[in-house]
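Please read the paragraphs below with the sequence and the model side by side, moving from the overall dimensions to the individual sheets.

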Amino acid sequence: MAVEATHQEYNHLEEVKRLDDSKIGVKGLVDSGLTSIPRMFIHPTGALSDLKSVPRSESQVIPTIDLSGVDSDRRPAIVEQVSHACRKLGFFQILNHGVPLEVMNRTIEAVKAFHELPTEFKKQWYRREMGTGVTFLSNVDLYNAKAASWRDTLQVRLGPVPAEVEDIPEICRNELLEWNQQATRVAEMLMELLCEGLGLNARRLKEMTFLEAKTLVGQYYPHCPQPDLTFGITSHTDPVLLTVLLQDHIGGLEVKDGEGWVEVKPLPGALVINIGDILRILSNDEYKSVDHRMLANPSPDPRVSTAIFFNAGNTVCLYGPFPELVSPEKPALYRQFMLNDIRRFFTKDLADKTLTDYYRI
């Protein structure tokens, strides 16, 4: 797959198309025995310049919130912790969220098992269109990004029109469906806490259908022979309301904090939660959506994670800052828009997706 080429001979689009047409993904490249990454994966020097971030204490930046007693007299304190985390950075980890540890472990193992199927078998799911609701592909933004990233993805549409159950690969079908149920329950609980933290009715986001549009991604980051030259995922914000992420023990997820980056260190039994651009807009900037990225994986073992992105099922009504959060002292910071208008952002380089900048007044 890797082709030696002089600067004059190199054609980025040609290399991209060759990888895409092969349907082998990044894991297929690794399995071929390469010891250096193809040029299409090498990111510009400027983008790589801050890979060696100054080490910081993760506990200083990424809070861990214990949700035990969320329906007891502890609730106001939990609402305050969640609200504070969202206003400061928009990222936090949660413990005692009710998802059994064995379910979390089975989910990670099932995603890993799919990605480690023989390439010839996986190819039946390799496509860039979500027509069946299930796709296996390498780099969602492969044809638009300036450089590719070192990961493969299994993507499953869970709503509002979910993929047919039989279209989900059998090797991970039951585990992903169970993870969907568990993550959705957690998201509903979190949406209530998020609303209460803004002084809104707890069911406001649910009533706005924000539990209905869901997309699951099962990410696989194989060992990278040159992790200082590429990324697992480039810096971006999520163009959704809320993300519920389950990561394994390998690590590599980083969040932008000021001018530096801090790792979201894996914590046994924890889920990672982050605020997306849509909730930042609805909250009129009370809650933050921040840049995050995944480093290329230097470990000999693959890194595996799975996330569910939540958005509104109703895509044709207008969304904008909650009226209750707009005042003469703090006017609306964003114009209104329809969710079906944001699809254009999925045709761009992942790093260029800036919903908040686009809709800011």
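A residue is called buried here when its relative accessible area is under 20%, exposed when it is over 50%, and partly exposed in between, with a 1.4 Å probe and protein chains only. By that criterion, 52% of the 361 residues of the protein count as buried. The model is a predicted one, in which local features need pLDDT of at least 70 and side-chain atom pairs count only at pLDDT 80 or more, while totals for chains, interfaces and linings use all residues. Residues are numbered from 1 along each chain as its sequence is written, and side-chain values use heavy atoms, with hydrogens and water left out.

The protein contains 11 helices and 14 strands, these being DSSP runs numbered from the N terminus (H or I of at least four residues for helices, E of at least two for strands). Its radius of gyration, taken over C-alpha atoms, is 20 Å, close to the 21 Å that the globule rule (2.2 Å times the number of residues to the power 0.38) gives for 361 residues, so the protein is as compact as a globular protein of that length. Along its principal axes the C-alpha trace spans about 60 × 45 × 40 Å. If a contact means heavy atoms within 4.5 Å, then among contacts between residues at least 6 apart in sequence, 78% join residues at least 24 apart.

One sheet is open and consists of eight strands in the order S1-S2-S10-S7-S12-S5-S4-S3, with mixed pairing, where two strands pair if DSSP finds at least two bridges between them. Strand S1 (64–66) and strand S3 (134–137) stand at the edges with a single partner strand each, so one side of each has no neighbour in the sheet. The twist from one strand to the next averages 20 degrees; axes are lines fitted to C-alpha atoms, for helices over the stretch in contact, and angles run from 0 to 180 degrees between N-to-C directions. Helix H5 (residues 75–88) packs on this sheet, touching S1, S2 and S10, and its direction makes about 165 degrees with that of S1.

Within the same order, strand S2 (residues 91–95) and strand S10 (residues 271–275) run antiparallel and are joined by four bridges, with Ile-273 in S10 as the bridge partner of Phe-92. Towards the other edge, S3 pairs with S4 in the antiparallel sense over four bridges, and Val-134 stands opposite Val-156 in S4. Strand S4 (residues 152–159) is in turn joined to strand S5 (residues 213–221) by seven bridges, again antiparallel, and Thr-153 has Gln-219 in S5 as its bridge partner. Seven of the eight residues of S4 are buried, so this strand is largely enclosed by the rest of the structure.

A further open sheet has four strands in the order S6-S11-S8-S9, with antiparallel pairing. Its edge strands are S6 (231–236) and S9 (260–263), each of which pairs on one side only, and neighbouring strands are turned by 30 degrees against each other on average, direction ignored. Although S6 is an edge strand, five of its six residues are buried. Three bridges join S6 to the antiparallel strand S11 (residues 292–295), and His-236 stands opposite His-292 in S11. Strand S8 (residues 253–257) pairs with S9 over four bridges in the antiparallel sense, where Glu-254 stands opposite Glu-263.

Finally, an unreviewed UniProt entry lists residues 209–312 as "domain: Fe2OG dioxygenase"; the position is given in the numbering used here, the feature name is shortened, and such annotations may be inferred rather than shown by experiment. The end C-alpha atoms of residues 209–312 lie 5 Å apart, and the span is 6% helix and 46% strand.
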